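Take the structure below in steps. The route runs from a charged side chain to the overall fold, then to the charged pairs and the cores.

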Amino acid sequence: MKKVTLMVLVYSLMLLNTNTAIAQDDEPDLIESDQDHNHWRIGVTPYAWLASQATDVGGEKIRQSFNDVYSITNSGFQLVLNARYKRFLFSADGTFAHLQSGIKEAPLDVDIDILQYILHLKTGYLVYSNYEYENNDVIRGWSIEATIGAKYWSNDVEVNYSIQLGPFDPIEGKLNELQSYWDPMVGVGLKFFLSRKVLLSTVFDYGGFNIGDASKYSYDFTYANSFLVANWAVVHAGYRSFKYNRTDGEGDDEVETTVSAFGPVLGVSFIF
């Protein structure tokens, strides 16, 4: 029962963020011609996912709006680092969140503190590209990328509680649990270059596969509109839908969890 209660607290307070299509490391010209692939390109993209969340865990159903999640977030950041060389790509998407909440209803006083780390590492290959030319210059086109990698999750949960029973000394205690695991992931990305300044992109990652301690399944779909605003900056605005299912514990302590999140995503890429 302690295991179920603690898992409910964890998943009801989690701020879910994963890899996204908004992180592009494009050249000042958004279209990637064959010549663009012959040197390193680096992109740094801070971004924010304004997600609502639905969680089913241990028989409990929890629904949270973006305002609910934001209200318990003490601090956090999300950042993607991308690198490309020729037809190869490398990506690291990191999220840190410090979440705090509490329950203060006599005789119970509970403080909940969660440190969450998420890191999605992947590498990929530009499988196919098709461009239209005008006066020997690329004016529009599309491309397909395939990726493989892994996503690391870590949630360090601390629950401090106090129960005051009349004139007696309060009953106090602390519960700690560290949950961490890796999900293997595979993905595909599509890019549609509408002009030199406008790019539409989608990314779909799927993983878990119930391998070892990994999730039964985990998927993340992102759609993004990207606009070149300067030689060194690209603005992204889009939408993401995410879901995963996993089982923790054994026997009477077994807990099945399904989490889905969805909402707009915003970011800016700085190009080097």
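Is K61 buried or exposed? K61 counts as exposed, because its relative accessibility is 63% and the exposed class begins over 50%. Bear in mind that this model is predicted.

K61 has a charged partner. It forms a salt bridge with D56. The closest N and O atoms of the two are 3.6 Å apart. D56 is partly exposed, because its relative accessible area is 26%, and that class lies between 20% and 50%. Salt bridges that share partners also bring in R63: D56, K61 and R63 form one network.

Now step back to the fold. The protein has two helices and 12 strands. In sequence order the pattern reads α-β-β-β-α-β-β-β-β-β-β-β-β-β. The chain holds 272 residues, and 47% of them count as buried. Contacts reach far along the sequence. Of those between residues at least 6 apart, 65% join residues at least 24 apart. The exposed surface comes to about 13,100 Å². Carbon and sulfur atoms supply 59% of that surface.

Return to the charges. Side chains of opposite charge can pair when their charged atoms come close. The protein has 11 salt bridges by the rule used here. One of them joins D205 and K122, with an N to O distance of 3.5 Å. D205 sits in strand β9 (residues 198-208) and K122 in strand β6 (residues 108-134). The pair links distant parts of the chain, 83 residues apart. Both residues are buried.

Another salt bridge pairs K191 with E145. Their closest N and O atoms are 3.6 Å apart. K191 lies in strand β8 (residues 171-193) and E145 in strand β7 (residues 137-163), so this bridge ties together parts that are 46 residues apart in sequence. Are these two side chains buried or exposed? K191 is buried, because its relative accessible area is 3% and the buried class is under 20%. E145 is buried too, with a relative accessible area of 8%.

Next, the nonpolar interior. How many residues make up the largest nonpolar core? It has 12. Its aromatic members include Y47, W49, W153, Y181, F242 and Y244. Among the others are A51, V80, I118, V259, A261 and V265. Three elements give two or more residues to this core: β1 (41-49), β11 (233-248) and β12 (255-271). The largest share, three residues, comes from β12. A second core is separate and has seven residues. Among them are A97, I112, V157 and V159.

Finish at L89. This residue lies in strand β5 (residues 88-105). L89 is buried, because its relative accessible area is 7% and the cut-off is under 20%. Which residues does L89 touch, leaving aside those up to four places away in sequence? They are A83, R84, K122, T123, G124, Y125, E145 and T147. Two of these names have appeared before. K122 is the salt-bridge partner of D205, and E145 is the partner of K191. L89 thus contacts a residue from each of those pairs. The C-alpha atoms of L89 and L126 are separated by 7.8 Å. Along the chain, L89 and L126 are 37 residues apart.

Key. Residues numbered from 1 in each chain as written. Predicted model: local features only at pLDDT ≥ 70, side-chain atom pairs only at ≥ 80, totals over all residues. Heavy atoms only, no water. Helix = DSSP H or I, 4+ residues; strand = E, 2+ residues; numbered from the N terminus. Buried < 20%, exposed > 50% of the residue type's maximum accessible area, 1.4 Å probe, protein only. Contact = heavy atoms within 4.5 Å. Areas by Shrake-Rupley, 256 points an atom, 1.4 Å probe, with all protein chains shown as cover. Salt bridge = Lys/Arg side-chain N within 4 Å of Asp/Glu carboxyl O. Core = buried A, V, L, I, M, F, W, Y, C linked by side-chain atoms within 4.5 Å.
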